[in-house]
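User: I'd like to go through this model and ask why things get the labels they do. Show me the chain and we'll start.

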Amino acid sequence: MENTSPTPDLPTVRLIPKAEARAIRHGFPWVYANELVTDRRTRNLTPGTLARLEDAGRQAMGVVTVNPGSKIICRMLDQNPDAVIDQAWFVAKFQRALAHRARLYDAPFYRLIHAEADGLPGVIVDRFGDVAVVQPNAAWADMLIEPLVAALVDVTGVTTVIMNGTGRARTLEGLEERTDVLTGNAPAGPIPVPMNGAVYMADVMGGQKTGLFFDQRPNHAFAAGLSRGARVLDMFSHVGGFGLAALAGGAASVLAVDGSAPALDLAGQGADAMGVADRFETRKGDAFDVLTALADEGAQFDVIICDPPAFAPSRNALEAGLRAYERIARLAAPLVADGGYLGLCSCSHAADLAKFRNASARGIGRAGRRGQIIHTGFAGPDHPLMPHLAESGYLKAVFFRL
């Protein structure tokens with residue numbers, strides 16, 4: 001089960017003289033392909049191989065994982081060059097992560113591992129009670145999945161571990177897509193998840209990502225506080241994120257819109273479990289089309305939340321993504337009653353807060369409305385932000401009063 005290869009056996013990889021060695025020593029976790037000496041030996045390393053990183057002067061910097069086929073050719077695992085990356089090493093990582101979440105939450109529903117920010121580059125672990133869903137989005141984690149899972153079970157006591165190996169990040173690493181039950185048995189149905197007084201149904205086997213987005217928890221709570229007695233529109237609802245929170249906060253009615261019928265069905269099951277199905281409606285359709293149709297119908301809402309997928313998943317997509325965020329704001333703003341609230345969200349790390357906020361404000365202005373920013377929200381504290389890595393702070397939520 002354990003990978004206990006002594007560190008002296010590790011191959012060595014070396015930075016070129018112009019590489020930013022100091023940034024890596026101070027905590028930046030990545031080495032880009034153009035910063036490493038890529039001789040034939042390095043290029044022939046199997047993706048996910050552990051290696052010792054040296055600077056251009058041959059000073060040891062730590063243990064890294066190497067993927068010669070990736071733009072991020074090395075990821076720092078441990079700044080101790082003598083570290084042994086085995087089950088005990090994973091146990092220490094999980095213990096540290098769990099201590100933080102146990103202090104934050106009184107129920108075991110949270111993101112347990114947030115990749116680089118929790119010291120496991122490219123690895124996501126979301127916990128749903130006795131079930132954990134692991135996303136090994138880097139080649140090294142695929143190679144060491146056995147000691148990783150053994151440590152996870154040891155530290156948390158979960159009885160089921162599911163590997164969700166799907167998504168763009170794995171494709172960039174050259175990894176195949178697959179979903180497996182690694183430990184225990186697949187749940188018989190969706191898992192009820194209590195959050196902010198609402199109940200969400202997480203499909204951990206077939207849903208998006210790990211089955212539920214824990215990152216919006218504090219923003220759900222803020223929106224719920226605006227929603228007492230309100231008519232609420234939850235765009236890009238997924239399994240009812242903002243809508244069910246609004247109902248828990250006393251909303252008069254919620255319309256949840258999403259392009260996925262299975263996601264809306266799970267949202268309806270959540271409303272049933274909460275006993276609020278009489279105040280909850282769903283509509284399946286393309287968000288831009290539905291917003292246009294609602295305007296034609298003369299619909300008005302007191303609170304509208306738009307939480308789209310990443311319109312700008314990379315720098316290349318930034319300008320098109322910002323135009324899409326602007327368009328969402330332009331279409332949603334006319335549907336907000338005077339004095340009502342519009343919450344706009346972005347999970348695109350390529351669009352920083354200032355760019356996203358400006359695009360949103362432009363869209364509101366182009367709709368002939370004026371808004372005050374009343375709140376800016378980010379991911380919850382179970383999604384820690386690594387100060388050296390802007391990508392770990394991807395989520396933004398900006399609330400306007402119109």
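User: What does serine 360 touch, not counting residues up to four places away in sequence?

Analyst: Ala329, Leu344 and Phe400. A contact here is a pair of heavy atoms within 4.5 Å. Bear in mind that this is a predicted model, where local features need pLDDT of at least 70, side-chain atom pairs count only at pLDDT 80 or more, and totals for chains, interfaces and linings use all residues. Residues are numbered from 1 along each chain as its sequence is written, and side-chain values use heavy atoms, leaving out hydrogens and water.

User: Why does serine 360 count as buried?

Analyst: Buried means under 20% relative accessible area, exposed means over 50%, and partly exposed is in between (1.4 Å probe, protein chains only). Serine 360 comes in at 1%, so it is buried. Its place is in helix α12, residues 353-366. Helices (H or I, at least four residues) and strands (E, at least two) are DSSP runs, numbered from the N terminus.

User: What makes strand β3 largely enclosed by the rest of the structure?

Analyst: Count its residues: six of the six in β3 (49-54) are buried, so the label fits. In a regular strand the side chains alternate between the two faces of the sheet. In β3 both faces are covered, with Thr49, Ala51 and Leu53 buried on one side and Leu50, Arg52 and Glu54 buried on the other.

User: How do you know that β3 pairs with β4?

Analyst: Pairing takes at least two bridges found by DSSP between the strands. β3 and β4 (residues 60-66) have six and run antiparallel, so they pass that test. One bridge partnership there is alanine 51 with valine 64. β3 also has three bridges to β1 (residues 12-14), this time running parallel, and threonine 12 is partnered by arginine 52.

User: Why is the sheet from β6 to β10 said to have edges?

Analyst: The sheet is open, with five strands in the order β6-β7-β8-β9-β10 and mixed pairing. β6 (109-114) and β10 (178-183) each have a single partner strand, so one side of each lacks a neighbour in the sheet. Neighbouring strands are turned by 20 degrees against each other on average, direction ignored. Axes are lines fitted to C-alpha atoms (for helices, over the stretch in contact), and angles run from 0 to 180 degrees between N-to-C directions. β9 (residues 160-165) and β10 run antiparallel with five bridges, and methionine 163 stands opposite aspartate 180. Lying across the five strands is helix α5 (residues 145-156), at about 150 degrees to β8.

User: What makes a set of residues a nonpolar core?

Analyst: The members must be buried Ala, Val, Leu, Ile, Met, Phe, Trp, Tyr or Cys, joined through side-chain atoms within 4.5 Å. The largest such core has 41 residues, and Phe128, Val193, Tyr200 and Leu212 have the most contacts inside it. Apart from it lies another core, of 37 residues, including Phe301 and Phe356.

User: Why is the pair of phenylalanine 236 and phenylalanine 311 called edge-to-face?

Analyst: Rings of Phe, Tyr and Trp (its six-membered ring) pair if their centres lie within 6.5 Å; planes under 30 degrees apart are stacked, over 60 edge-to-face, and the rest tilted. This pair has centres 6.4 Å apart and planes at 80 degrees, so edge-to-face it is. The two rings link distant parts of the chain, 75 residues apart. Phe236 and Phe311 also belong to a ring cluster with Phe288, Tyr325 and Phe356.

User: And what makes the pair of tyrosine 105 and tyrosine 110 stacked?

Analyst: With 6.0 Å centre to centre and 20 degrees between the planes, the pair falls under the stacked cut-off. Both tyrosines are buried.

User: How do you know that arginine 217 lies over the face of tyrosine 105?

Analyst: The rule wants NZ of Lys or CZ of Arg within 6 Å of the ring centre and within 35 degrees of the ring normal. Arginine 217 is listed as over the face, at 4.1 Å from the ring centre. Arginine 327 likewise has its charged end over the ring of phenylalanine 288, 4.1 Å from the centre.

User: What stands out about the phi of alanine 115?

Analyst: Most residues other than glycine have a negative phi. Alanine 115 has a positive one, near 55 degrees. Its place is in the loop between β6 and β7, and at 11% relative accessible area it is buried. Phenylalanine 236 has a positive phi too, of about 55 degrees.
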